[in-house]
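Biologist: I would like to learn how to read a fold from its coordinates. Can we go through one together, feature by feature?

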Amino acid sequence: MSRPDRIGLLCMVSGPTASGKTTVCRKARDLEDCAYSISCTTRAPREGEQNGIDYHFLTKEEFMHRAIHGDFLEWAQVHGNCYGTLKSEVVAFLEAGRDVIMDIDIQGAQLIRASEDPFIRNALVDVFILPPSMEEIKNRLSGRGTETDDQMRLRLYNALEEMKHWREYRYAIVSDTPERDLERFRSILHCERLRSCRMRTPAGLIGDIPAPDLSDDLITAEQAELF
Ligand code: 5GP
């Protein structure tokens, strides 16, 4: 495989429940040809969710086994269940210059930000998606109809707690229509791909050119004006 021009972005996307972040992440993955990190979770699958596509659904024992084995880049307890990012879903893609999008809660984002691995730190981009209002979260959650009343209360409480952390993220998107959210998210990816810190020197710029003679008479009149 040829050497990529740059390392991939590790784009962490957080936001409270029903903020629309999953839709943004998945649409951006398809349109921007990014990899999407499929997390492991101990939560039960929702209707329509598929193992290995939405999540790797694990038992608590399987999850802990993988955690002890060092398979996770990070893991955390969220809404009473465990969620974790597998190293295997991320590192090889970044090295190959492929961008990775991950849906992650604020604890997981804090753990990855605190990573001492310079490769991971250099790849990081973080985006927080804020809902337009708490009312809208309630509407979206009850419309989804996948949570019990108790689970809804816990998710709403956690939403308020999570939103206290939005300024820890370099970028914030206040959710509007799915199209507008996606457009803004894609523009973040486009800018971040141009950051010099992640680029390799273009091959065409490396050459063996002899040092110039800098004596005065070689400086043209136009160049002299610049001094
Ligand atoms: P849900 O159960 O609604 O799919 O996700 C609940 C929360 O878990 C969301 O806030 C989501 O961002 C977070 N989450 C999903 N995958 C991961 C992960 O791999 N690590 C961490 N720390 N949080 C995750």
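Modeller: Begin with pairing. Two strands pair if DSSP finds at least two bridges between them. Here strand 8 and strand 9 run parallel and are joined by 4 bridges. Valine 127 has tyrosine 171 in strand 9 as its bridge partner. Keep in mind that this is a predicted model.

Biologist: In what order do the strands of the open sheet of 5 strands lie?

Modeller: The order is 2-7-1-8-9, with parallel pairing. Strand 2 and strand 9 (171–174) each have a single partner strand, so one side of each has no neighbour in the sheet. Helix 4 packs on this sheet and touches strand 1 and strand 8. The direction of helix 4 makes about 150° with that of strand 1.

Biologist: Which strands does strand 1 pair with, and over how many bridges?

Modeller: Strand 1 pairs with strand 7 over 4 bridges, in the parallel sense. Cysteine 11 stands opposite isoleucine 101 in strand 7. With strand 8, strand 1 shares 5 bridges, again parallel. There, methionine 12 has aspartate 126 as its bridge partner.

Biologist: How do I read the two faces of a strand?

Modeller: In a regular strand, side chains alternate between the two faces of the sheet. Now apply that. In strand 1, Leu10, Met12 and Ser14 lie on one side, Cys11 and Val13 on the other. Both faces are covered, and these residues are all buried. That is 5 of the 5 residues of strand 1.

Biologist: What is the order of the open sheet of 4 strands?

Modeller: That order is 4-3-6-5, and the pairing is mixed. Strand 4 (56–57) and strand 5 are at the edges with a single partner strand each, so each has one side without a neighbour in the sheet. Strand 3 (residues 40–41) pairs with strand 6 over 2 bridges, in the antiparallel sense. Cysteine 40 has glycine 84 in strand 6 as its bridge partner. Helix 4 appears here too, lying across strand 5 and strand 6. Helix 4 runs at about 150° to strand 5.

Biologist: How do I find the inner face of a helix?

Modeller: An α-helix has 3.6 residues a turn, so residues three or four places apart point the same way. Look for that spacing among the buried positions. In helix 1 (residues 21–31), those are Lys21, Val24, Cys25 and Ala28. Seen down the axis of helix 1, the buried residues fall within an arc of 95°, so they line one face.

Biologist: What do the buried residues of helix 1 pack against?

Modeller: They pack against strand 1 (10–14), strand 2 (35–36), strand 7 (100–103), strand 8 (124–130) and helix 8 (178–192). After helix 1 comes aspartate 33, with a positive phi near 50°.

Biologist: Which residues are closest to the ligand?

Modeller: Ser39, Ala76, Tyr83, Asp105 and Gly108 are the closest of the 16 that surround the ligand. Strand 5 (72–78), strand 6 (81–86) and helix 4 (106–113) each give two or more residues to this shell. By class, the shell has 4 nonpolar, 8 polar and 4 charged residues.

Biologist: Last, a loop residue. Where is arginine 198?

Modeller: Arginine 198 sits in the loop between helix 8 and helix 9 (221–225). With 18 other C-beta atoms within 10 Å, arginine 198 counts as partly exposed; buried would need 20 or more. Leaving aside neighbours within four places in sequence, arginine 198 is in contact with Arg6, Ile7, Asn122 and Ala123. The C-alpha atoms of arginine 198 and glycine 97 are separated by 9.5 Å, though the two are 101 residues apart along the chain.

Key:
Residues numbered from 1 in each chain as written. Predicted model: local features only at pLDDT ≥ 70, side-chain atom pairs only at ≥ 80, totals over all residues. Buried ≥ 20, exposed ≤ 12 C-beta atoms within 10 Å, placed from the backbone. Arc of directions from axis to C-beta. Contact = placed C-beta atoms within 7 Å. Near = placed C-beta within 6 Å. Nonpolar A, V, L, I, M, F, W, Y, C, P; charged D, E, K, R; others polar. Axes fitted to C-alpha atoms, helices over the stretch in contact; angles between N-to-C directions.
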